[in-house]
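Colleague: I would like to go through this model feature by feature. Please give the general idea each time, then the case at hand.

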Amino acid sequence: MIYLENSNIKDIEEKIKSYISNTKSFNINITSNSQDDTKNIALVFAKYLTNNSILILNGELGCGKTVFMSGIGEYFNISDKISSPTFTIVNEYDIDDKFKSVSKIFHFDLYRLKSVYEFLDEIGTDYFSEGACVIEWGEIINELLPSNAIHIDFLKDKEKENTRYLKIWRN
Ligand SMILES: Nc1ncnc2c1ncn2[C@@H]1O[C@H](COP(=O)(O)OP(=O)(O)OP(=O)(O)O)[C@@H](O)[C@H]1O
Ligand SMILES: [Mg+2]
């Protein structure tokens, strides 16, 4: 189980809760100093996801996008099943009925995708309303995203190996 020790994360919980269900502009910056910090941030999002939530995860290789998804998986008791869908593009997870607001989670990895047209041809946007979507390398489909999508940009610290700066935003 994950515990919320980082007070920064507690401070942003109310904001995340409201922004996840509206379409307002915002920008929150938070520092993660460990893999567990990143999972704890993901846990806060997991609590408030619904079947039309969309989280767009961007940032260089190894910055923690899949770790973030694992944190969401831990909340929904599906963490043992989570793998990176680099070759399948999208993995689908059925969520237990006890989690009333989410019935499915779709985990995308668009790293291999070359264009927004390829996304429309091979995947399509129906997923967006059928479950909560977590989309690694999602910026390639920015123009298709509904107005409730939340972006999380991960930036690695150049010196500190385990530090990541997360910019959580919506325009
Ligand atoms: N603060 C941190 N948050 C997340 N991961 C961290 C952190 N510090 C170190 N790490 C390590 O960085 C790596 C992140 O890997 P992960 O697979 O999540 O990256 P990714 O962004 O999904 O990469 P890719 O673009 O290849 O899919 C893991 O090995 C993790 O242990
Ligand atoms: Mg990944």
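**Reading loops, strands and a ligand shell**

Modeller: This is a predicted model. We can begin with a loop residue: N77 sits in the loop that links α3 to β3 (90-94).

Colleague: What is the phi of N77, and is the residue buried or exposed?

Modeller: Exposure is read from a count of C-beta neighbours, with 12 or fewer within 10 Å taken as exposed. N77 has 12 other C-beta atoms within 10 Å, so it is exposed. Its phi is near 60°, a positive value in a residue other than glycine.

Colleague: Where is I89, and why does it count as partly exposed?

Modeller: I89 is also in the loop between α3 and β3. It counts as partly exposed because it has 17 C-beta neighbours inside 10 Å, and a count in between the limits of 12 and 20 gives that class. Phi of I89 is positive too, near 70°.

Colleague: Which strands does β6 pair with, and how do they run?

Modeller: Pairing is read from bridges. Strand β6 (residues 150-156) runs parallel to β2 (residues 54-58), with 4 bridges, and antiparallel to β7 (residues 164-170), with 6 bridges. D153 of β6 stands opposite N58, and its bridge partner in β7 is K167.

Colleague: How many residues surround ligand 1, and which are the closest?

Modeller: The shell has 17 residues, the closest being T38, G64, K65, T66 and N162. Helices α2 (35-48) and α3 (65-75) are the elements that give two or more residues to this shell. By class, the shell holds 10 polar, 4 charged and 3 nonpolar residues.

Definitions and conventions: Residues are numbered from 1 along each chain as its sequence is written. Chains are lettered from A and ligands numbered from 1 in the order in which they are written. This is a predicted model: local features need pLDDT of at least 70, side-chain atom pairs count only at pLDDT 80 or more; totals for chains, interfaces and linings use all residues. A residue is near a molecule or strand if its C-beta atom, placed from the backbone, lies within 6 Å of it. Ala, Val, Leu, Ile, Met, Phe, Trp, Tyr, Cys and Pro count as nonpolar, Asp, Glu, Lys and Arg as charged, and the others, Gly among them, as polar. Two strands pair if DSSP finds at least two bridges between them.
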